[in-house]
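User: I'd like to practise reading a model from the whole fold down to single residues. Can you walk me through one?

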Amino acid sequence: MHWLRTVAALREQVADWRGSTVGLVPTMGSLHEGHLSLIRRCRQECDHTVVSIFVNPLQFGPNEDWDRYPRDEEGDRALCEAAGVDVVFAPDPQEMGADPATGSDRTWVMPPESLLQTLCAPHRPGHFRGVATIVLQLLNLVQPQRAYFGQKDAQQLAIIQRLVRDLQIPTTIVPCPTVREADGLACSSRNRYLSAAERQVAAGLYRALRRGYDHWQAGDPSAEGILAAARAELEHTPELQLQYLELVDPQTLQPLPRVEDKGLLAIAAYVGQTRLIDNLLLSPEQGDPSPERVQHAAPPSSGTTSPPRRPLIAIDGPAGAGKSTVARAVAAQLQLLYLDTGAMYRAITWLALQRGIPLDDAEQLTQLAAQTQLTLQSGTSSTEPTRIWADGEEITQAIRSPEVTRWVSHVAAVPGVRQELVKRQRSIGRDGGAVLEGRDIGTHVFPDAELKVFLTASVGERAQRRQHQLQAQGQMVPLEELKAQIEQRDRRDSERLISPLRPAPDAILIDTDHLSQSEVEDKIVTLYRQLLERSGPARLDQ
């Protein structure tokens with residue numbers, strides 16, 4: 001593990017990782033289990049993990065605790081080493097241009113005013129300006145493909161997500177669940193301030209949030225009812241000095257009169273001299289927030305006007321592994337939506353070839369992906385391909401040509417094309433109940449998919465399958481030529497800069513060499529039904 005203190009050393013190290021996936025976990029040190037959960041997820045999803053440790057003076061007010069904020073460099077170093085971190089970036093304020101003595105004389109990043117009207121912002125003027133400024137600086141220095149933030153700091157998370165979107169920063173912000181102690185208290189570095197007696201009082205924050213959550217679960221989506229239930233619980237802990245208790249939209253942070261889709265129930269309170277914050281997400285997609293199950297729970301079973309979210313199935317694998325055929329059949333058996341992501345990339349490739357756009361012109365290809373209106377319609381049976389239209393013209397058969405097959409991997413490797421199409425894929429699949437297949441569905445597009453499968457097969461087997469497909473279409477291509485094409489495509493897919501082909505760490509690998517299509521389908525259907533059984537009866541009714 002490298003422990004770096006200078007910008008120059010960090011830049012040099014990151015430059016050596018070009019072509020790899022880099023993840024960033026920004027922290028202020030004094031690491032705890034919450035931080036370690038971010039690090040573990042980053043290591044699962046990225047080739048290299050950078051942890052920043054910087055107690056940012058720009059986000060502390062004049063009377064706040066910057067001077068006494070917990071610092072434990074020796075302990076942090078040991079935890080990062082044990083967790084397999086590649087680089088810890090631990091600069092001093094001068095290195096970051098954030099010296100408290102001269103901090104005002106620098107460039108600042110100002111979040112939108114609409115995100116600063118609720119929760120912590122009115123009580124901590126200038127705090128999120130300091131957060132946004134340093135986070136943008138870290139993203140610029142590390143240039144990660146993914147950055148990991150905890151849901152406990154929900155307002156910070158919303159602001160950073162908006163920052164990345166508005167400034168078009170090519171980093172995916174990955175929200176991660178709050179990690180809690182056994183009594184529900186959210187892990188926080190400031191918990192170290194608490195005495196034993198104060199520690200017991202602090203658990204009242206979670207109890208209040210949970211009372212509001214249970215009230216919503218029981219069927220009342222009104223802010224009035226939810227907040228009243230949480231306040232009633234707070235009456236049992238008068239030692240908690242409440243600063244705010246609010247119900248807001250998780251993205252816009254605007255107050256909600258009722259929870260129609262999602263709501264964020266958030267609280268801040270003082271326990272003695274220590275200010276603590278916490279929140280719970282009220283959403284049919286969110287698992288039960290009991291402490292012992294916070295990272296692995298099933299969605300709520302009842303009590304809301306929206307039906308429970310059905311799981312996503314993400315099927316990845318190399319070209320020719322049978323993903324499309326299997327995914328269509330599985331979707332048909334389970335009566336789920338089938339999203340053919342490969343057809344989307346084929347459509348952009350076909351359009352580029354038709355319009356004479358050079359396939360090495362990333363700018364024109366990205367613009368084409370951004371401006372083309374794609375419409376998909378699942379086939380009426382497991383054997384019927386997805387129908388696809390580009391700007392109103394059906395191109396279902398045209399995108400299956402050998403020329404498109406030859407170049408689609410090249411076009412799909414263009415970062416801008418992938419970013420544009422991934423936006424659309426996430427929009428389609430966010431409500432669950434879908435089967436998605438591709439080469440980065442479980443690692444990049446939907447890393448939180450409930451069931452991830454990676455289909456694989458030998459090059460020889462895949463070449464034979466492709467040859468049979470072409471023969472059925474009246475085309476004769478030598479087997480060795482097809483093998484060479486597949487090997488070249490595998491190499492390109494696995495070496496591309498954005499979302500290279502690889503199994504997700506929690507994907508279930510299925511080698512299809514000696515399995516029939518129906519056997520593969522049965523394996524996935526069985527896995528899905530087992531998942532439903534573990535998730536509870538509410539999902540089985542869907």
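**Reading the fold, then the residues**

Analyst: Happy to. Keep in mind that this is a predicted model. Start with burial across the whole chain: of the 542 residues in the protein, 55% are buried.

User: What does the secondary structure come to, and how does the radius of gyration fit with the globule rule?

Analyst: Count the elements, then check the overall spread. Here there are 18 helices and 17 strands. The radius of gyration is 25 Å and the globule rule gives 24 Å for 542 residues, so the protein is as compact as a globular protein of that length. Along the principal axes, the C-alpha atoms fill a box of roughly 80 × 55 × 40 Å.

User: What share of the contacts comes from residues 24 or more positions apart?

Analyst: For that, set aside the short-range pairs. Among contacts with a separation of 6 or more, 73% join residues 24 or more positions apart.

User: And what about surface and charge?

Analyst: Look at the exposed area and what supplies it. The protein exposes about 24200 Å², and 47% of that comes from carbon and sulfur atoms. On the charge side, there are 57 positive and 69 negative side chains, with the centres of the two sets 2 Å apart.

User: Let's zoom in on a helix. How many of the residues of H4 are buried?

Analyst: Check length first, then burial. Helix H4 covers residues 127-142, and at 1.5 Å a residue its 16 residues should span 22 Å; the end C-alpha atoms are 23 Å apart, which agrees. As for burial, 13 of the 16 residues are buried, so H4 is largely enclosed by the rest of the structure. Just past its end, Gln143 takes a positive phi of about 50 degrees.

User: Now single residues. Is Leu163 buried or exposed, and what is it in contact with?

Analyst: Read accessibility against the cut-off, then list the partners. Leu163 sits in helix H5, residues 154-166. Its relative accessibility is 9%, and buried means under 20%, so Leu163 counts as buried. Beyond neighbours within four places in sequence, Leu163 is in contact with Val109, Ala132, Leu136 and Ile169.

User: Which helix holds Gln155, and what does that residue touch?

Analyst: Same routine: place, burial, partners. Gln155 is in helix H5 too. With a relative accessible area of 3%, Gln155 is buried. Leaving out residues up to four places away in sequence, Gln155 touches several residues, including Leu115, Leu119, Cys120, Phe128 and Leu253.

Key
Residues are numbered from 1 along each chain as its sequence is written. This is a predicted model: local features need pLDDT of at least 70, side-chain atom pairs count only at pLDDT 80 or more; totals for chains, interfaces and linings use all residues. Side-chain values use heavy atoms; hydrogens and water are left out. Helices (H or I, at least four residues) and strands (E, at least two) are DSSP runs, numbered from the N terminus. The radius of gyration is taken over C-alpha atoms; the globule rule is 2.2 Å times the number of residues to the power 0.38. Buried means under 20% relative accessible area, exposed over 50%, partly exposed in between (1.4 Å probe, protein chains only). Contact means heavy atoms within 4.5 Å. Accessible areas come from the Shrake-Rupley method with a 1.4 Å probe; for residues, only the protein chains shown count as cover. Lys and Arg count as positive and Asp and Glu as negative; His and the chain ends are not counted. The place of a charge is taken as NZ of Lys, CZ of Arg, CG of Asp or CD of Glu. The expected span of a helix is 1.5 Å times one less than its number of residues.
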